[in-house]
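Please work through the exercises below with the sequence and the coordinates open beside you. Each task is followed by a solution that proceeds step by step.

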Amino acid sequence: MVALLTTLGIILFAIGLLLSIAWHELGHMATAKMFGIRCTQFMVGFGKTLWSTKRGDTEYGIKLVPLGGYVRMVGMIPPARERPEGEEVSGRPMSRWRAMIEDAREASYVELEPGDEDRQFYQRAPWKRIIVMAAGPVMNLILAVILFCIVLMGIGLPRPTTTIGEVTECVVPAAASSTTCPEGAEPTPAAAAGMRPGDRIVAINGEETPDWNAVNTAIRETIGPATFTVERDGRTLTLDVELIENQVVARDADGNPVIQRDADGEPVLDEEGRQVPETVSAGFLGIVAAQERQSLGVGETAQYLGGTVMDVGRAIVTLPAKVPDVFRAAFLGEERQPDSPVGIVGASRIGGEILSQPIPVLDRTVVMLNMLASVNLFLFAFNMVPLLPLDGGHILGAVWEWIRRGWARLTKRPDPGPFDVAQLMPVAYVVVACFLCFSLMLLVADIVNPVRLVQ
């Protein structure tokens, strides 16, 4: 059964990734056609075509290598600038850089047909081209927001309640590697006072505690005798508790654990890959709150999304620094870091591992949706990087053309014409080569040394 669920999880997550890619390309194609640009191909994947069909001007299909997708639009590269009358042609041989540029320009005109004279990408106003190129990443952003809203506002997140889920038997510091009671350890205040799992704390020292944050704050701010009012089996009891000072997990203003970070701002991880929290000295009771799923409000959801976007941005910025670790994990047998980047194979494998875990189906569904939402958020942010052939590179070219033409109008100079994106094609080739090398490295690492949720 575990093998079956793992396989099913891999298939489902892979399908989710392919649908996310298709959704991205749909944004490009829909806006391109809206502005009258002819689209010749809508493809998910690269390499050999596995299946395709033609509808109108466009061929729709799936290719062998599922590492992305593309929409082919005619006239992505403008024609070469006409040589001024009287200018002599140099007799020197064409440089390799110039040859690459002209080869790219020539290839872009292979699919031009009669009637395409006014249906080319470069002919559209810069603001229209920006919309076309931004539409793909924005579609991923929209899908990510929808999935996160389903999880956060619909299903909800596990949150601590005022009900006691577990009473710790003895006092151990928060930084202790084991919760096993050492010989001679003193009982926790909760155990000494006779608190039990299932008790609901309704007040501390006469002050009502409507939620866990109120309970936690009151406990941390109190050292010494305290009075707890709890509900147990329909009865209201008053318990006298002697709170003590102990090392506990530090929390921010929202009640979230404060994670230790290294000099580079990266979270500190323990031997099992878990984030290590900071600790502070505060009042200590010795209970673990029971949790239940609670839906987040619009404000909390927006704050969560903002934090996730920041995390994705940091991940993209630090991605080059992780290349050596991936290389060593793929080819030198070194241990794969828990926060290592993963490719499509690795992400799908993690999806299979999630589906095979012995946890409630709802929890598995939430983790899968969260992962797919995070992938779409990454696709949005990564494609907005201003480098060709990424969408952000085309957006940057259109923005520069907009600025250049605006400045020409302002200074009453001749229109400089469309920005020649072909000039950046050698850079695009370098970016593609780096991306392919990194993708192959990730593929090897994901197969021979995968990231595992359960060690």
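The exercises that follow concern a predicted model, and they go from confidence to the annotated regions, the strands, single residues and the cavity.

**Exercise 1. Confidence.** Establish what the mean pLDDT of the protein is, and where the pLDDT is below 50.

Solution. Begin with the whole protein, for which the mean pLDDT is 85, with 92% of the residues reaching 70 or more. Then turn to residues 86-91, where the pLDDT is below 50 and where the model shows 2 contacts beyond near neighbours in sequence. Where pLDDT is low, the predicted coordinates should not be read in detail.

**Exercise 2. Annotated regions.** Determine which residues UniProt lists as "transmembrane region" and as "domain: PDZ", and describe the chain over these stretches.

Solution. Step one is the record: the unreviewed UniProt entry lists residues 130-155, 366-385 and 427-448 as "transmembrane region". Step two is the model, in which residues 130-155 are 100% helix and 0% strand, with the end C-alpha atoms 36 Å apart. Residues 366-385, in turn, are 90% helix and 0% strand, and their end C-alpha atoms lie 29 Å apart. Step three concerns "domain: PDZ", for which the unreviewed UniProt entry gives residues 188-209; over that stretch the chain is 23% helix and 32% strand, and 21 Å separate the end C-alpha atoms.

**Exercise 3. Strand pairing.** Work out how many bridges join β4 to β6 and β6 to β7, and in which direction the strands run.

Solution. Strand β4 (residues 200-204) is joined to strand β6 (residues 224-232) by 4 bridges, and these two strands run antiparallel; within this pairing, A203 has T229 of β6 as its bridge partner. Strand β6 is also joined to strand β7 (residues 235-249), here by 9 bridges and again in an antiparallel arrangement, with V241 of β7 as the bridge partner of A226. The hairpin of β6 and β7 has 2 residues between the strands, and D233 in this hairpin takes a positive phi near 55°.

**Exercise 4. Single residues.** Characterise the backbone at N205 and at P389, and then find which residues E245 touches.

Solution. N205, found in the loop between β4 and β5 (207-208), has a phi near 55°, which is a positive value in a residue other than glycine. P389 is placed in the loop between α9 (361-383) and α10, and the peptide bond that leads to P389 from L388 is cis, with omega near 5°. E245 belongs to strand β7 and touches I223, S281 and A282 when residues up to four places away in sequence are not counted. From C-alpha to C-alpha, E245 and W212 are 20 Å apart in space, while 33 residues apart in sequence.

**Exercise 5. The cavity.** State how many cavities of 30 Å³ or more the structure holds, and identify which element gives the most to the lining of the largest cavity.

Solution. Rolling a probe the size of a water molecule over the atoms shows where empty space is left. Counting at 30 Å³ or more gives 1 cavity, and the volume of the largest cavity is about 120 Å³. Of the 13 residues in its lining, M76, F121, R129, F419 and V421 are the closest to the centre. The elements that give two or more residues to this lining are α3 (126-155) and α10 (391-410), and α10 gives the most, with 4 residues. Sorted by class, the lining has 9 nonpolar, 2 polar and 2 charged residues.

How values were computed
Residues numbered from 1 in each chain as written. Predicted model: local features only at pLDDT ≥ 70, side-chain atom pairs only at ≥ 80, totals over all residues. Heavy atoms only, no water. 1 Å grid on protein atoms, 1.4 Å probe; cavity = no way out; pocket = protein on both sides within 12 Å on 5 of 7 lines; lining within 4 Å. Points joined across faces, edges and corners; volume = space filled by probe spheres on them. Nonpolar A, V, L, I, M, F, W, Y, C, P; charged D, E, K, R; others polar. UniProt positions renumbered as here; feature names shortened; annotations may be inferred. pLDDT = per-residue confidence, 0-100. Contact = heavy atoms within 4.5 Å. Pairing = 2+ DSSP bridges.
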